[in-house]
Structure formats: C-alpha cells, structure tokens
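Here is a briefing on one protein structure. Have the sequence and the 3D view open while reading.

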Amino acid sequence: MLAETTFFTENDGEPVAIENARGRGDVLLVCEHASRRLPKRYGTLGLSEDALVSHIAWDPGALAVARLMSKQLDATLIYQRFSRLVYDCNRPPESPAAIRDVSEVFRIPGNENLSEAEKSLRTTSLYLPFQGAIRDEIAARRARGLQTVLVTVHSFTRVYFGQERAVEIGILHDTDSRLADRMLQATGGTSPYRLERNEPYGPADGVTHTLELHALPAGLLNVMIEVRNDLIADEAGQGAAADFLSKLLRESIGTLTKNNKNGG
C-alpha cells in the first residue's frame with residue numbers, strides 16, 4: 001500500500017527504503033539525500049538536466065557508501081527515495097530550507113510561491129514517513145535489546161559558490177560530541193583523508209536535524225558524516241571511503257562502550 005495515494009503513483013513507490021532490516025550491528029545508518037528521483041507529479045520542477053543530476057538534487061555517492069558500510073557493520077540502513085528538491089528530510093517543516101526555491105546558483109521554479117496546502121502535502125508525504133521510519137526502527141531495536149548508534153551519511157561538493165573546499169571528510173555533531181570526538185582522536189593524525197570537525201557545515205547551518213530529533217533526546221551516540229563527492233564518484237572511491245569509515249566507527253564505538261562499562 002502506498003504511503004499517500006494522492007501524492008505517489010504506483011511507479012513512484014514508497015518514499016522510504018529500509019535495507020538489512022534485521023541487522024544486529026550497533027549502528028543505524030541514515031541517508032537523507034540518497035536519491036535524485038522526483039515523484040511523477042512534479043515533472044522536472046522546471047529544472048534542466050544539469051541541475052537535476054547535480055548536488056542540489058541529492059548527495060552523489062552517499063547511498064553507495066552507506067550501502068557498503070551497512071554490509072561491513074551489519075547495520076540497518078534507512079534512506080529517502082526522492083530528491084531533497086521536493087522536501088529535504090533533514091530539515092523540520094518550519095525551516096525555510098525544507099523546500100528551497102533557490103539552491104546555490106539554481107532557481108527552482110516548481111518550488112516558487114507554494115501554498116501552505118502544498119507544503120503540508122509534501123511534509124505529510126515525504127518528511128513524516130521518513131522520520132517516522134527512523135523513530136520506529138529505533139524503538140524496534142530497543143525492544144530487541146540492541147544498542148543504537150545513529151550515523152547519518154552525506155556527501156558535499158568540492159566547489160560551492162565558486163569556493164574550493166579543502167576538507168575531505170567532515171565529522172559533524174550537535175551538542176553531543178562523544179562519538180565525533182573519539183573518531184577524530186582515533187585517526188591519530190594518520191588518516192588518508194583530511195578530516196575536520198563540523199565542516200563544511202555545522203549545527204548552526206541546521207544540518208543536524210535528524211540527530212537532534214532522534215539521538216539527542218534519547219542519549220544515543222551519534223554522528224553525521226560528510227564525504228566530499230569527488231572522492232566517491234566511482235566504486236573504488238566509494239569502497240575506500242566505506243572501509244575507512246566503517247573501521248573508524250567500529251573502533252570508536254568499541255572504545256566508548258568499553259569506557260562506559262568500566263565507568264570511564
């Protein structure tokens with residue numbers, strides 16, 4: 001049964017996908033910007049093909065990396081099946097960034113002058129099922145006696161508004177920095193990537209909504225990972241990033257869990 005019969009066609013399918021639903025690893029992976037697909041009702045939103053394949057529509061490479069990490073960590077993966085151009089599921093409904101009419105240098109004609117009814121329809125059809133799936137999965141894991149470490153996976157563009165970004169992997173956090181701290185410490189300055197804290201975005205940019213909604217109130221270990229998308233443009237790059245991040249997460253979570261058990 002489709003989540004919203006007045007919104008999605010049969011060919012569109014559901015807004016949320018869950019893979020490795022019975023994963024027993026500590027990590028729950030989330031990919032909010034996994035897809036550049038648009039529901040049929042929106043056509044192209046008035047955008048060119050160049051815009052629709054660019055980073056404004058999705059996070060290129062992020063889903064591929066998340067899938068590889070899911071296998072390595074035996075982690076359940078939840079991802080959004082439609083483009084953030086329709087609704088950015090990492091933003092609350094009250095945020096102007098939830099439905100943008102301009103993204104970087106691109107006007108988005110199909111998002112201009114929207115009625116409150118249209119905004120509400122997109123929220124109900126895309127945002128609520130997505131965040132509801134995360135909430136339900138955390139509850140189900142708790143019922144199964146599993147710890148949950150919430151990890152969101154994103155990518156970012158190397159050049160933004162004409163400015164080069166030197167950071168290669170961003171380790172982002174909100175008010176709970178436990179896992180981010182440990183991950184940054186664990187690299188010991190020998191990382192094959194240039195890692196930075198809360199770059200190229202941080203909580204002041206409103207990017208930690210999913211963590212704020214699900215992890216912070218429950219005290220769950222959490223982190224948001226941003227990988228520069230030119231580094232994960234092919235299978236080799238995706239595999240290398242997934243290997244590095246999976247190992248880093250496994251070691252960091254293990255250390256934190258051990259310290260907690262020992263009262264450290």
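The notes below cover pockets, a buried acid, backbone geometry and charge pairs.

This is a predicted model. The largest pocket holds about 460 Å³ of space, and the second largest holds about 210 Å³. The structure has 13 salt bridges. One buried acid, E168, has none.

**Largest pocket**

- The lining counts 28 residues. Nearest the centre are R84, D88, R91, R100 and Y201.
- Three strands each supply at least two lining residues: strand 4 (102–103), strand 6 (149–156) and strand 11 (222–228).
- Strand 6 contributes the most, with three residues.
- The lining is mixed in class: twelve nonpolar, seven polar and nine charged residues.
- Two of the residues nearest the centre, D88 and R91, form a salt bridge with each other. Their closest N and O atoms are 3.8 Å apart. D88 and R91 are both buried.

**Second largest pocket**

- Here 13 residues make up the lining. P93, S95, P96, I99 and K119 lie nearest the centre of this pocket.
- Its lining splits into six nonpolar, four polar and three charged residues.

**A buried acid without a salt bridge**

- E168 sits in the loop between strand 8 (163–164) and strand 9 (169–172).
- Which side chain of opposite charge is nearest to E168? It is R228, at 4.2 Å. A salt bridge needs the nitrogen within 4 Å of the carboxyl oxygen, so the pair E168 and R228 does not count as one.
- E168 does have a backbone partner: its side chain reaches the backbone nitrogen of R194 at 2.8 Å.

**Backbone geometry**

- Most residues other than glycine have a negative phi, and most peptide bonds are trans. The next items depart from that pattern.
- The peptide bond from E199 to P200 is cis, with omega near 0°. P200 falls in the loop between strand 10 (195–197) and helix 5 (209–215).
- N20 is not a glycine, yet its phi is positive, at about 50°. N20 belongs to the loop between strand 1 (16–19) and strand 2 (27–31).
- E104 is not a glycine either, and its phi is also positive, at about 50°. E104 lies in the loop between strand 4 and strand 5 (106–107).
- Are these two residues buried or exposed? N20 is partly exposed, with a relative accessible area of 32%. E104 is buried, at 17%. The cut-off for buried is under 20%, so E104 falls within the buried class and N20 does not.

**Charge pairs**

- Side chains of opposite charge can pair when their charged atoms come close. Two further salt bridges are described here.
- R122 and E118 meet in a salt bridge, at 2.8 Å from N to O. Both residues belong to helix 3 (residues 116–143). They are four residues apart, about one turn of the helix. R122 and E118 are both buried.
- R135 pairs with D136 in a salt bridge, with the closest N and O atoms 3.3 Å apart. D136 has 46% relative accessibility, so it counts as partly exposed.

Methods. Residues numbered from 1 in each chain as written. Predicted model: local features only at pLDDT ≥ 70, side-chain atom pairs only at ≥ 80, totals over all residues. Heavy atoms only, no water. 1 Å grid on protein atoms, 1.4 Å probe; cavity = no way out; pocket = protein on both sides within 12 Å on 5 of 7 lines; lining within 4 Å. Points joined across faces, edges and corners; volume = space filled by probe spheres on them. Nonpolar A, V, L, I, M, F, W, Y, C, P; charged D, E, K, R; others polar. Buried < 20%, exposed > 50% of the residue type's maximum accessible area, 1.4 Å probe, protein only. Lys, Arg positive; Asp, Glu negative; His and termini not counted. Polar contact = N/O pair within 3.5 Å; in protein donor to acceptor, adjacent residues only side chain to side chain.
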